[in-house]
Structures are given as structure tokens and as C-alpha cells.
Amino acid sequence: MQNQERTYNTAQILLHWAIAALIIFNYFVSEGMGRAFHQHLDDSNTGYGLVSSLHVYVGLAIIALVVIRIIVRLASRKSKRDSQNLLDKISHIIHEILYLLMFLVPVFGAIAWYLGIHFMGDVHEIAMNIMMTLVLLHAAAALFHQYVLKDGTLLKMLGQK
Ligand code: HEM
């Protein structure tokens with residue numbers, strides 16, 4: 001979304017959509033996590049129902065995929081972007097914050113769950129709300145580029161450009 005010239009390789013495209021799908025999955029498969037977490041805080045062998053197990057293990061998979069994605073991104077980085085306008089700069093900053101939150105949200109959840117730190121559950125939920133707001137903003141910007149500016153940004157992330 002920052003640069004007209006920018007394209008994505010197959011690994012970046014697959015990772016983008018896999019992580020997006022798993023984050024949305026975990027957002028919705030979280031019903032009763034608060035209750036499960038409190039049981040788990042009382043006795044670390046309990047709290048593993050179907051939903052909480054899915055939430056925890058899908059969340060751990062997200063951490064692994066985000067780490068791979070950051071490595072692939074750094075390895076695929078092309079020459080420095082020059083002549084960025086203000087909107088490009090804002091979109092660049094939002095992307096960097098999104099990368100950070102995609103990593104930190106599940107890490108905060110894992111710290112809460114595995115180290116039994118109640119407070120980190122709240123931090124996990126606050127960070128998750130900020131991340132989902134940015135995800136919505138990011139999706140709206142992608143649609144704006146595709147359908148209003150008609151610059152093919154979305155097609156690049158679908159591997160068609
Ligand atoms: C990007 C990945 C993740 C997303 C989008 C996500 C999303 C959510 C959401 C929406 C809730 C609120 C549930 C409610 O309202 O009852 C929640 C709670 C929780 N999640 Fe996650 N989660 C993720 C990863 C993880 C991971 C990896 C773990 C642990 C290994 C985890 C552990 C928890 C715990 C313990 C709670 C309860 C917190 C509390 O009630 O204080 N989450 N998560």
C-alpha cells in the first residue's frame with residue numbers, strides 16, 4: 001500500500017492471508033476465555049476445554065507465523081523507499097505497528113496463560129482491541145486503494161499483479 005512499485009512474493013502472500021485468517025479465527029473463538037483463564041489460574045492443569053485449547057494453540061501458531069513473516073519481510077526488502085507522501089508515511093507507520101501487535105497480542109496472551117499472570121490477560125485484551133481497530137483501518141485502506149484509487153493494491157496481495 002505504500003509504493004506503487006512494491007510487489008509481494010508467494011511466501012509473503014500466503015503468510016499474509018494465513019495469519020489474517022487465524023487472527024480472525026482466534027478473535028471469534030474466544031468465548032469463555034475469561035472463565036477458562038480463571039480456572040487455569042487456580043489450577044494450571046485445568047481450563048483446557050475445546051475453545052480454550054483452540055484459542056491457545058492457534059494463538060501459538062500465530063506467533064510462529066508472525067516471526068517467519070517478519071524474517072521473510074526483512075529478507076525480501078527491496079531498495080529504500082524514496083519520495084513518500086504523508087499518506088504513504090502514515091500507512092507505513094500503521095503497518096509497522098500492526099507487525100508489532102500481531103506479535104505482542106498472542107505473546108501477552110501466552111504470558112498470561114503459561115505464567116499465570118492475571119494482569120497480562122487484561123493487557124492481552126487491550127492490545128487485541130487496538131490491533132483489531134488497526135486491522136479494520138488497514139482493510140478499509142486496502143479497499144479504498146483498490147476501488148477508489150484503482151491502483152491494484154489488493155490484487156498485489158492476491159498475487160495477481
Ligand atoms: C492473535 C491472536 C489472538 C487473538 C486475536 C486473541 C483474542 C482474544 C479475545 C478476543 C479475547 C477476549 C475473550 C472474551 O471476551 O472473553 C481473548 C482472551 C484471552 N486470550 Fe487471546 N487471542 C490471541 C492469542 C492468544 C494466545 C496465544 C493465548 C495464550 C497462549 C491467549 C490467551 C488468552 C487468555 C488467557 C484470555 C483471557 C484473558 C482475561 O480474561 O483476562 N490468547 N483473546
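Five helices each give at least two residues to the shell around the ligand, a helix here being a DSSP run of H or I with at least four residues, numbered from the N terminus. Here they are:

| Helix | Residues |
|---|---|
| H1 | 10-28 |
| H2 | 33-42 |
| H3 | 50-76 |
| H4 | 86-115 |
| H5 | 118-149 |

Keep in mind that this is a predicted model, where local features need pLDDT of at least 70, side-chain atom pairs count only at pLDDT 80 or more, and totals for chains, interfaces and linings use all residues. Numbering runs from 1 along each chain as its sequence is written.

H4 brings the largest share of the shell, six residues. Of the 23 residues around the ligand, the nearest are Gly34, Gly59, Pro106, Gly109 and Gly121 (near means a C-beta atom, placed from the backbone, within 6 Å). By type, the shell splits into 13 nonpolar, eight polar and two charged residues; Ala, Val, Leu, Ile, Met, Phe, Trp, Tyr, Cys and Pro count as nonpolar, Asp, Glu, Lys and Arg as charged, and the others, Gly among them, as polar.

Now for H3. Its buried residues are Ser52, His55, Val56, Gly59, Ile62, Val66 and Arg69, and their cover includes H1, H2 and H4. Buried means 20 or more other C-beta atoms within 10 Å of a residue's own, again placed from the backbone.

Over in H4 sits Phe108, which counts as buried because it has 21 C-beta neighbours inside 10 Å. Leaving out residues up to four places away in sequence, Phe108 touches Met120, Val123, His124 and Ala127 (contact means C-beta atoms, placed from the backbone, within 7 Å).

Note on methods
A residue is buried if 20 or more other C-beta atoms lie within 10 Å of its own, exposed if 12 or fewer, and partly exposed in between; C-beta atoms are placed from the backbone. Two residues are in contact if their C-beta atoms, placed from the backbone, lie within 7 Å.
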